[in-house]
Amino acid sequence: MDAACFPPIVYSLPGRLRLRDARLRREALREAVLARLDTLPALRRLRANAAAGSVVVEYDGTRIDEAAMCREVIEAVAPWLAAAVPPAAAPKPRRASRRRQFARANNLGMLASLGGSLAFAAAGAKAAHVATGTVFLGLLGVHLATHRRSLLR
């Protein structure tokens, strides 16, 4: 993200962004900013760290995209933290790297196959239980191979 365009936003990913400004260490200003941010659409949670002068905004990334949420936040905090930034200057949303996408798909596959295997075991469907258990073990092998360096420290 271009910090010159969005000075208070120091970190942004779909579903989460962080504001940082020394002025957020002041309780009255921080509370006013939090009250205004609390009215934003798709907001899930706000967390403030007074010592760091930061606020983490967690939102539903399925209801609003990252660039739109950045614009909403900037417009919301502009009276307290900075001059409003034109909406056209919104950053392009970052796309997760291929490695992270692969790891996420693998983890979801492991979760689904484990759940299916347990459900089939409870239902007494032995063949389906074995098949989904085999899929889980294969995906677990991929997961362990991917993370072998951190596992073998």
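**Entry 1, helix α4.** I began with the face of α4 that is turned away from its buried side, and there I found the exposed residues Ala127 and Leu137. I note here that the model I am reading is predicted, and I keep that in mind for each entry.

I then asked which residues of α4 are buried, and the ones I listed are Thr132, Gly133 and Phe136. They lie on the same side of α4, because the arc they cover around the axis is only 105 degrees. This fits a general point, that an α-helix has 3.6 residues a turn, so residues three or four places apart point the same way. When I looked up what the buried residues of α4 pack against, I found α3 (98–123).

I also checked the span of α4, which runs over residues 126–146: at 1.5 Å a residue, its 21 residues should span 30 Å, and the end C-alpha atoms are indeed 30 Å apart, so the two values agree.

**Entry 2, Arg30.** I next turned to Arg30, which I located in helix α1, residues 27–37. Is there a salt bridge for this residue, or none? I found that Arg30 has none although it is buried, and that the nearest side chain of opposite charge, that of Glu31, is 4.3 Å away. The cut-off for a salt bridge is 4 Å, which is why I do not count Glu31 as a partner.

What the side chain of Arg30 does reach is backbone oxygen: that of Leu24 at 2.9 Å, and that of Arg25 at 3.1 Å. Setting aside neighbours within four places in sequence, I listed Leu24, Arg25, Ala48 and Ala50 as the residues in contact with Arg30.

Conventions. Residues are numbered from 1 along each chain as its sequence is written. This is a predicted model: local features need pLDDT of at least 70, side-chain atom pairs count only at pLDDT 80 or more; totals for chains, interfaces and linings use all residues. Side-chain values use heavy atoms; hydrogens and water are left out. Helices (H or I, at least four residues) and strands (E, at least two) are DSSP runs, numbered from the N terminus. Buried means under 20% relative accessible area, exposed over 50%, partly exposed in between (1.4 Å probe, protein chains only). Lys and Arg count as positive and Asp and Glu as negative; His and the chain ends are not counted. A polar contact is a pair of N or O atoms within 3.5 Å; within protein, one must be able to donate a hydrogen and the other to accept it, and residues adjacent in sequence count only if both atoms are side-chain atoms. Contact means heavy atoms within 4.5 Å. The expected span of a helix is 1.5 Å times one less than its number of residues. The arc is that of the directions from the helix axis to the C-beta atoms.
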